[in-house]
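Colleague: Before I rely on the labels attached to this model, I would like to hear the reasoning behind them. Could we take them in turn?

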Amino acid sequence: MADDMRIFMGLGCNIGDRYQNLKKGIQLLNKHPHIWVIDKSHVYQSVAMYYKDQEYFYNMVIEIETNLNPLELLVEIKKIEIVVGRNPRDDKNMPRILDVDILAVGDLLIRSKLLNVPHPKIDERKFVLKPWNDIAPGFVVPNIDKNIEELLKITEDTSSTRRVLILDKEESI
């Protein structure tokens, strides 16, 4: 698929069974009649960025296809986060059962009160870049004009972000 049409989302969790929460989020995205998950990264563990006194996060990046516009997609994502157990009134950067962010929607640039695409500070977040590099190292991030692989090499984020080996009897995400 051409880069100008590819849609990527980041998923993160640091409450409860982190793996199962990510898995449930992906299952719910796939059950949505207008969202199709077409690729998934490995799962990575990382420290929280801003408020450090919390559990490690599990993070991953997925690629989807959808016929929803970006704001409609955002609304559906927020509904899925709530179904999994997230309280929408929780403070920003605090522990969360599931966080789903729209990272990029092709070559679109969106800056609004509700949605910023590409997601701000992508180049400063190894926990996003490392899993994203698994599935789309050559994707060029609009407004940064560097691909994911290049951004991962030059990021100033030196935090530990390591791949998690998960053995799932049912199926891996």
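Modeller: Gladly, and please keep in mind that this is a predicted model. Read along the sequence, the chain follows the pattern β-α-β-β-β-α-β-β-β-α-β-β-α-β, which comes to 4 helices and 10 strands. Of the 173 residues in the protein chain, 48% are buried, and among contacts between residues at least 6 apart in sequence, 69% join residues at least 24 apart.

Colleague: What makes phenylalanine 8 and tryptophan 132 an aromatic pair, and why is the pair called tilted?

Modeller: The ring centres of phenylalanine 8 and tryptophan 132 are 5.2 Å apart, and the limit for pairing is 6.5 Å, so the two rings count as a pair. The angle between their planes is 50°; stacked would need under 30 degrees and edge-to-face over 60, so tilted is the term that remains. Phenylalanine 8 lies in strand β1 (residues 7–13) and tryptophan 132 in helix α3 (residues 126–135), so the pair ties together parts that are 124 residues apart in sequence.

Colleague: Why, then, is the pair of tryptophan 132 and phenylalanine 139 called stacked?

Modeller: The planes of tryptophan 132 and phenylalanine 139 meet at 25°, with the ring centres 5.8 Å apart, so the pair is stacked, the angle being under the 30 degrees required. Ring pairs link Phe8, Trp132 and Phe139 into a cluster, and a search of the whole structure finds 3 aromatic pairs.

Colleague: How do you know that phenylalanine 8 and tryptophan 132 are buried?

Modeller: Phenylalanine 8 has a relative accessible area of 0%, and tryptophan 132 likewise has 0%; buried means under 20%, so both residues qualify. Phenylalanine 139 is buried as well.

Colleague: What makes you say that β1 is largely enclosed by the rest of the structure?

Modeller: The statement rests on a count, since 7 of the 7 residues of β1 are buried. In a regular strand the side chains alternate between the two faces of the sheet. In β1 both faces are covered, with Ile7, Met9, Leu11 and Cys13 buried on one side and Phe8, Gly10 and Gly12 buried on the other.

Colleague: How do you know that β1 is paired with β4 and with β5?

Modeller: Two strands pair if at least two bridges are found between them. β1 and strand β4 (residues 57–66) have 7 bridges in the antiparallel sense, and 6 bridges join β1 to strand β5 (residues 99–105), again antiparallel, so both combinations satisfy the requirement. Cysteine 13 stands opposite tyrosine 58 in β4, while leucine 11 has valine 100 of β5 as its bridge partner. β5 is mostly covered too, with 6 of its 7 residues buried.

Colleague: What makes the charged end of arginine 18 one that sits over the ring of tyrosine 58?

Modeller: The charged end of arginine 18 is 3.9 Å from the centre of the tyrosine 58 ring, which is within the 6 Å allowed; the term also asks for a position within 35 degrees of the ring normal. Arginine 18 and tyrosine 58 are also among the residues in contact with glutamine 45, whose place is in strand β3 (residues 44–46).

Colleague: Why is glutamine 45 called buried, whereas tryptophan 36 is called partly exposed?

Modeller: Glutamine 45 has a relative accessible area of 11%, which is under 20%, so it is buried. Tryptophan 36, in strand β2, has 38%; that value lies between 20% and 50%, so partly exposed is the right term. Leaving aside neighbours within four places in sequence, tryptophan 36 is in contact with Asn30, Glu63, Ile64, Glu65, Thr66 and Asn67.

Colleague: Which residues have the most contacts inside the largest nonpolar core, and which elements contribute to it?

Modeller: The largest nonpolar core has 30 residues, and those with the most contacts inside it are Met9, Leu11, Leu22, Ile62, Ile64, Leu73 and Ile102. The elements giving two or more residues to this core are β1, α1 (18–31), β2 (35–40), β4, α2 (70–84) and β5, and the largest share, 5 residues, comes from α2. Leucine 73 is in contact with residues including Ile7, Met9, Ile64 and Ile102. Apart from this core lies another, of 15 residues, among them Leu103, Phe127, Val128 and Trp132.

Note on methods:
Residues are numbered from 1 along each chain as its sequence is written. This is a predicted model: local features need pLDDT of at least 70, side-chain atom pairs count only at pLDDT 80 or more; totals for chains, interfaces and linings use all residues. Side-chain values use heavy atoms; hydrogens and water are left out. Buried means under 20% relative accessible area, exposed over 50%, partly exposed in between (1.4 Å probe, protein chains only). Contact means heavy atoms within 4.5 Å. Rings of Phe, Tyr and Trp (its six-membered ring) pair if their centres lie within 6.5 Å; planes under 30 degrees apart count as stacked, over 60 as edge-to-face and the rest as tilted. A nonpolar core is a set of buried Ala, Val, Leu, Ile, Met, Phe, Trp, Tyr and Cys residues joined through side-chain atoms within 4.5 Å.
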